[in-house]
Amino acid sequence: MHDSVSRHLALTGACNFRDLGGYPGAQGRPVRWRQLFRSNHLGLLTDTDIAQIRALGVKTAFDLRGVSERLPTLCCVEDIAVHSLPIEPAIYGALTSHVASGKPLTADDAAEMMRDSYRDYVRHNTPAFRQLMTHLLEDHAPLVIHCTAGKDRTGFACAMVLSALGVAHELVVTDYLLTNQFYRLDPVTDKSIPLPDDIKAVLVSVETSFLDAAFAAVREDFGDLENYLADGLGVGPSERRELHARYLDREIT
């Protein structure tokens with residue numbers, strides 16, 4: 001199970017549901033398969049999708065969407081316990097302000113706003129990501145981390161999770177970029193983005209520069225990733241060992 005096809009679960013009502021397993025972590029021990037999942041929202045799942053997710057044994061969902069943002073598409077799997085860790089989608093406020101100013105809006109403007117939103121994950125939303133890490137140390141897998149598209153808030157969250165598990169940065173980026181293969185707009189989300197196609201194309205994709213902006217903010221504000229994990233996210237050496245025990249295979253494969 002080491003290719004993108006088995007990593008990605010082809011659901012009808014969710015397009016970006018992926019397994020974080022298989023990447024080599026600390027001491028070369030792989031991340032355990034079928035324990036940690038990432039996804040777009042879980043509000044449009046079909047009965048067949050729900051059966052597949054139940055078969056995976058998923059017990060918990062961590063929903064990173066804003067308070068009102070999540071209401072139209074709440075998780076429709078009744079036996080999944082949902083933890084709301086709200087991170088408001090600041091990108092839409094930035095876009096609205098820009099349009100209201102009367103300045104023309106370009107795709108480059110939108111990309112820079114995306115980079116700003118990733119910097120904000122570090123500078124303004126670290127407490128929510130810290131809560132997620134606390135849950136990962138306390139809750140029981142299998143579990144899924146998601147937001148609306150499962151690409152930005154979820155992308156940064158999963159980058160931190162994989163980093164804490166000792167996965168090399170280039171593989172963290174590789175996982176992040178898989179969204180460009182699998183994400184597609186659903187009808188509910190599409191209606192919420194009334195923008196020109198070139199702007200929308202930026203908002204529904206990911207770029208290495210987006211994630212790079214978050215890591216740059218980590219270095220600027222915390223010195224390095226190790227300090228951010230420990231001081232920002234509460235994942236020091238003992239917590240790292242606990243995460244490794246929970247989510248890494250015991251043997252190198």
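In this predicted model, L36 has contacts well beyond its immediate sequence neighbours: with residues within four places left aside, L36 touches R18, D19, L20, V31, L136, L143, V161, L165 and Y247. L36 also belongs to the largest nonpolar core, which has 61 residues. Within that core, L36, Y118, L136, I145 and F156 are the residues that touch the most other members. Helix α6, spanning residues 153–164, provides the largest share of this core, eight residues. Another core lies apart from it and holds 15 residues, including L11, A14, L42 and I80. In soluble globular proteins, nonpolar side chains tend to be buried together.

P194 offers a contrast in setting. This residue sits in the loop between α9 and α10, the latter covering 197–203. P194 counts as exposed because its relative accessibility is 71%, and the cut-off for that class is over 50%. Y118, by comparison, is a member of the largest nonpolar core. Along the chain P194 and Y118 are 76 residues apart, and their C-alpha atoms are separated by 22 Å.

The remaining topic is the largest pocket, with a volume of about 520 Å³. Its lining consists of 32 residues, of which E69, P89, Y92, T148 and R153 are the closest to the pocket centre. By class, the lining residues of the largest pocket comprise 17 nonpolar, eight polar and seven charged. Helices α3 (90–100), α4 (107–124) and α9 (187–191) each contribute at least two residues to this lining. The contribution of α4, six residues, is the most that the lining of the largest pocket receives.

Conventions. Residues are numbered from 1 along each chain as its sequence is written. This is a predicted model: local features need pLDDT of at least 70, side-chain atom pairs count only at pLDDT 80 or more; totals for chains, interfaces and linings use all residues. Side-chain values use heavy atoms; hydrogens and water are left out. On a 1 Å grid over the protein atoms alone, a cavity is a set of points where a 1.4 Å probe fits but cannot get out, and a pocket is an open set with protein on both sides within 12 Å along at least five of seven lines; lining residues have an atom within 4 Å of a point. Grid points are joined across faces, edges and corners, and a volume is the space filled by probe spheres set on the points. Helices (H or I, at least four residues) and strands (E, at least two) are DSSP runs, numbered from the N terminus. Ala, Val, Leu, Ile, Met, Phe, Trp, Tyr, Cys and Pro count as nonpolar, Asp, Glu, Lys and Arg as charged, and the others, Gly among them, as polar. Buried means under 20% relative accessible area, exposed over 50%, partly exposed in between (1.4 Å probe, protein chains only). A nonpolar core is a set of buried Ala, Val, Leu, Ile, Met, Phe, Trp, Tyr and Cys residues joined through side-chain atoms within 4.5 Å. Contact means heavy atoms within 4.5 Å.
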